[in-house]
Amino acid sequence: MATALSAHDMLDTEVVGRRVVQCALDVLISTLIVLPLAVLVGVGAASDSGTTAWVVLVGLLSGLLTLFWYWVLRPVGTGQTWGMRLLGIRVVRADCAPMTTRVAVARVLLLAVDGLVIGLVGLVAMRLSSRRQRLGDRIAGTVVVRDRRADRADGSACAVATGVPGRRGNW
């Protein structure tokens with residue numbers, strides 16, 4: 001007896017190649033964003049003034065906050081980093097619930113594990129997963145899908161993410 005496909009079965013998660021390029025792009029973009037702060041820290045550390053420690057501390061905190069915004073807060077609001085947007089992919093919760101900061105933090109923390117041995121752990125995990133999830137996605141309950149917003153005119157948020165006509169929900 002045939003059963004109807006669920007939204008999860010219809011997610012277009014065949015984006016492993018795009019994800020590899022996206023990760024490299026995002027590392028480059030976030031490095032370029034934080035680079036001026038790193039220069040500030042370097043100049044402050046080389047200074048003989050009494051403000052050296054403060055300049056270094058402010059530079060480091062600013063850099064960490066900037067990286068937190070780029071890798072965690074930005075995807076919570078949009079489902080995409082700039083690299084994801086350029087490559088036409090987005091992160092969605094597997095259950096089409098709204099992505100939370102906690103979910104995004106889980107994904108990012110496990111990115112360090114997935115990136116071990118030049119991404120080998122993440123690539124193997126994605127290849128072994130039927131929904132092409134790296135370890136961070138599995139723990140966070142997310143999937144990375146082709147961005148189908150341009151294909152949908154009805155504005156349904158979950159239909160946009162999944163490409164499933166008539167699927168409604170918030171994410």
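**Exercise 1. Determine whether the two faces of S1 are buried or exposed in this predicted model.**

Solution.
Step 1. Take one face: Ile-89, Val-91 and Arg-93 are all buried.
Step 2. Turn to the other face: Arg-90 and Val-92 are buried too.
Step 3. Conclude. Five of the five residues of S1 (residues 89-93) are buried, so the strand is largely enclosed by the rest of the structure.

**Exercise 2. Find which strand S1 is joined to, and by how many bridges.**

Solution.
Step 1. The partner is S2, residues 142-146.
Step 2. Five bridges join S1 and S2, and the two run antiparallel.
Step 3. Check one position: Arg-93 is opposite Thr-142 in S2.

**Exercise 3. Work out whether Arg-107 is buried or exposed, and what it is in contact with.**

Solution.
Step 1. Locate the residue: Arg-107 sits in helix H4.
Step 2. Apply the cut-off. Buried means under 20% relative accessible area. Arg-107 has 8%, so it is buried.
Step 3. List contacts, leaving aside neighbours within four places in sequence. They include Arg-19, Val-91, Arg-134 and Thr-142.
Step 4. Compare sequence with space. Arg-107 and Arg-134 are 27 residues apart in sequence, and their C-alpha atoms are 9.0 Å apart.

**Exercise 4. Describe the largest pocket and its lining.**

Solution.
Step 1. The largest pocket holds about 510 Å³ of space.
Step 2. It is lined by 23 residues; Arg-19, Cys-23, Leu-111, Asp-114 and Arg-134 are the closest to its centre.
Step 3. Helices H1, H2, H4 and H5 each supply at least two lining residues. H1 gives the most, with six.
Step 4. Sort the lining by type: 13 nonpolar, five polar and five charged.

Notes
Residues numbered from 1 in each chain as written. Predicted model: local features only at pLDDT ≥ 70, side-chain atom pairs only at ≥ 80, totals over all residues. Heavy atoms only, no water. 1 Å grid on protein atoms, 1.4 Å probe; cavity = no way out; pocket = protein on both sides within 12 Å on 5 of 7 lines; lining within 4 Å. Points joined across faces, edges and corners; volume = space filled by probe spheres on them. Helix = DSSP H or I, 4+ residues; strand = E, 2+ residues; numbered from the N terminus. Nonpolar A, V, L, I, M, F, W, Y, C, P; charged D, E, K, R; others polar. Buried < 20%, exposed > 50% of the residue type's maximum accessible area, 1.4 Å probe, protein only. Contact = heavy atoms within 4.5 Å. Pairing = 2+ DSSP bridges.
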